[in-house]
Amino acid sequence: ESATGCESVKLEAATVADVTVSPDGLLIASAHRDGTVRLWDACGSAGQKPIGHKSSITSVACMSDGVSMVSCSEDQTIRIWNLVAATEVRKLKSHEKNVWSVAVSPDCSRLATASDDKTIHIWDAATGSVIKKLEGHDGGV
């Protein structure tokens, strides 16, 4: 137990690939290689049931609206989630290979994703459409 009164949490067999904290600091989302995102309160107590993808999740990012989170996966998709309801809001697909990283603009209007297909995609978060593809990388990004 720490000075905050929170106890340590032992994760089961699933390997954690990434972690993000909500803007208010009250929620933690961990991305797991088993294809799930697990939601935790700030003290590490599991909240809603796990949400996820069909393959290993590689990256997660909380959005500054305090309600949404984005995840990407080896299933070549990017998903926007409502953290309050633990439900999928939108599924994005344009990459042709594993998606390794996702980032969110400060105003939540844009997403950037990087993939093994040697591209970075810039997305309109509201519509789920690709605004621009950045090509020319020699290998996976």
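Me: How many disulfides does a search of the whole structure find?
Reply: The search of this predicted model returns 0 disulfides. To count, a pair of cysteine sulfur atoms would have to lie within 2.5 Å.

Me: What makes Cys62 count as buried?
Reply: Its relative accessible area is 14%. Buried means under 20%, so Cys62 falls in that class. Cys108 also has a relative accessible area of 14% and is therefore buried.

Me: Where is Cys108, and what is its phi?
Reply: Cys108 sits in the turn of the hairpin formed by β9 and β10, where 5 residues lie between the strands. Its phi is positive, at about 65°.

Me: How do you know that β9 and β10 pair?
Reply: Pairing needs at least two bridges. Strand β9 (residues 99-104) and β10 are joined by 5 bridges, and they run antiparallel. One of the bridge partnerships is that of Ala103 with Ala112 in β10.

Me: In which sense do β10 and β11 pair, and over how many bridges?
Reply: The sense is antiparallel, over 5 bridges; at least two are needed. Thr113 has His121 in β11 as its bridge partner. This hairpin has 4 residues between its strands, and Lys118 takes a positive phi near 75°.

Me: Why is the contact of Arg110 with Asp124 called a salt bridge?
Reply: The closest N and O atoms are 3.7 Å apart. The cut-off is 4 Å, so the pair of Arg110 and Asp124 qualifies. The two residues are 14 apart, with Arg110 in strand β10 (residues 110-115) and Asp124 in strand β11 (residues 120-124); the pair links distant parts of the chain. Arg110 is partly exposed, at 35% relative accessibility.

Me: How many salt bridges does the rule give?
Reply: The count is 5. Among them is Arg38 with Asp34, whose closest N and O atoms are 2.8 Å apart. Another is Arg79 with Glu88, at 2.9 Å. Both distances are within the 4 Å limit.

Me: Buried or exposed: what is Arg79?
Reply: Arg79 has a relative accessible area of 7%. The limit for buried is under 20%, so Arg79 is buried. Its partner Glu88 is partly exposed, at 35%. Asp34 is also partly exposed, with 43% relative accessibility.

Me: What joins Asp75, Arg79 and Glu88 into one network?
Reply: Salt bridges with shared partners connect Asp75, Arg79 and Glu88.

Me: What is the phi of Gln76?
Reply: Phi of Gln76 is near 70°, positive although the residue is not glycine. Gln76 is placed in the loop between β6 (68-73) and β7 (77-82). At 23% relative accessibility Gln76 is not under 20% and not over 50%, so the class is partly exposed.

Me: Where does Ala86 lie?
Reply: Ala86 is in the loop between β7 and β8 (87-93). Its phi is near 55°, again a positive value in a residue other than glycine. Its relative accessibility of 9% is under 20%, so Ala86 counts as buried.

Me: Why do β1 and β4 stand at the edges?
Reply: The open sheet has 4 strands in the order β1-β2-β3-β4, with antiparallel pairing. β1 (16-21) and β4 (51-52) each have a single partner strand, so one side of each lacks a neighbour in the sheet.

Me: How many bridges join strand β3 to β4?
Reply: There are 2 bridges between β3 (residues 36-41) and β4. At least two are required, so the strands count as paired. Val37 has Ile51 in β4 as its bridge partner.

Definitions and conventions. Residues numbered from 1 in each chain as written. Predicted model: local features only at pLDDT ≥ 70, side-chain atom pairs only at ≥ 80, totals over all residues. Heavy atoms only, no water. Salt bridge = Lys/Arg side-chain N within 4 Å of Asp/Glu carboxyl O. Buried < 20%, exposed > 50% of the residue type's maximum accessible area, 1.4 Å probe, protein only.
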